[in-house]
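Open the model in your viewer and keep the sequence beside it. The stops below are meant to be taken in order.

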Amino acid sequence: MNGITMTLQVDHLILSALQEDISSEDVSTNAVMKEYVKGEVELICKQDGIIAGLDVFKRVFELLDPEVEVEFYCKDGEEVKNKQLMGKVVGDIRVLLSGERVALNYLQRMSGIATYTHSVAELLKGSKTKLLDTRKTTPNMRIFEKYAVRAGGGYNHRYNLSDGVMLKDNHIGAAGSVTKAVQMAKEYAPFVRKIEVETENLDMVKEAVEAGADIIMLDNMTVEEMKEAIRIIDGRAQTECSGNVTKENIERIIDLGVDYVSSGALTHSAPILDISLKNLHAIS
């Protein structure tokens, strides 16, 4: 993440996380460390995976104390190994202790998403299909989680409701039909916005094509239904496969030739990557 993104979009979220963890004071730290002592602590990976969120990790300490120095020996998106020394944090020991949990929470969560995303993206390697995330993210964590997907080799679907037109089942129900929903979207949305329609059966696919949808989502369809849907669409719209897609079942759609496959599991089901701050000690 660049400095502008960090300042405008991320700092207030990190500060909120810190305020959640330190409502008045860090009682444990203040009890054992009553004054400034310069210290150093090591950032160690305890599990193989893909690292993501190093800038966010660093920013936690910087917001507590601009004098803290953080040095990394790896970069976001790189593979890391169990027991690997990934970096060091140097500064006021009170800051190192107080910021540790929040900094690690971000880094572990983001690295877990990047690791899981990488494992799924590897299964699609060599195909035309791009792996997308969804809006199924943790509240107030979306910017971090979607960044982690990219670090792991995936791509971002729309960021939020302001980012694009997606007509899902309930939008279609509200409008009355696929055709009416697409017509109203074309009248309302700026012409630069693509219109995506979620379809659940082949009749909806046909209607979406005829209505002029730019992207047609094939939601929770069987492999046979998706094959027929792709034949019906015949290149007149981009295609996206969705619906409970995980690492365990994604292979069934690899040879279909869809343009995109979206998976909420990338952000809502990825386990954390185990990372620790260890060997804290005073330095001169």
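The tour goes from a sheet to the helices on it, then to a helix pair and a further strand pair.

This is a predicted model, in which local features need pLDDT of at least 70 and side-chain atom pairs count only at pLDDT 80 or more, while totals for chains, interfaces and linings use all residues. Residues are numbered from 1 along each chain as its sequence is written, and side-chain values use heavy atoms, with hydrogens and water left out.

**Stop 1: the sheet.** Select strands S3, S5, S1 and S12 (strands are DSSP runs of E, at least two residues; helices are runs of H or I, at least four; both are numbered from the N terminus). They form an open sheet in the order S3-S5-S1-S12, with antiparallel pairing (two strands pair if DSSP finds at least two bridges between them). S3 (69-72) and S12 (275-282) each have a single partner strand, so one side of each edge strand has no neighbour in the sheet. On average, neighbouring strands are turned by 20 degrees against each other, direction ignored.

**Stop 2: S1 and S5.** Seven bridges join S1 to S5 (residues 85-92) in the antiparallel sense. Select Ile-44 and find its bridge partner in S5, Leu-85.

**Stop 3: Glu-40.** This residue sits in S1 (residues 38-45). Is Glu-40 buried or exposed? Glu-40 counts as buried because its relative accessibility is 16% (buried means under 20% relative accessible area, exposed over 50%, partly exposed in between, with a 1.4 Å probe and protein chains only). Leaving aside residues up to four places away in sequence, its contacts include Lys-88, Val-90, Asn-279 and His-281 (contact means heavy atoms within 4.5 Å).

**Stop 4: helices on the sheet.** Select H3 (residues 54-64), which lies across S1, S3, S5 and S12 and runs at about 165 degrees to S3 (axes are lines fitted to C-alpha atoms, for helices over the stretch in contact, and angles run from 0 to 180 degrees between N-to-C directions). H4 also packs on the sheet, touching S1, S5 and S12, and its direction makes about 165 degrees with that of S12.

**Stop 5: H4 and H5.** Now show H4 (residues 93-123) with H5 (residues 142-151): their axes are 7 Å apart, at an angle of about 40 degrees. Among the residues that meet are Tyr-106 and Met-110 in H4, and Phe-144 and Ala-148 in H5.

**Stop 6: S9 and S10.** Finally, select S9 (residues 215-219) and S10, which pair in the parallel sense over five bridges. Ile-215 has Gln-238 as its bridge partner in S10. Four of the five residues of S10 (residues 238-242) are buried.
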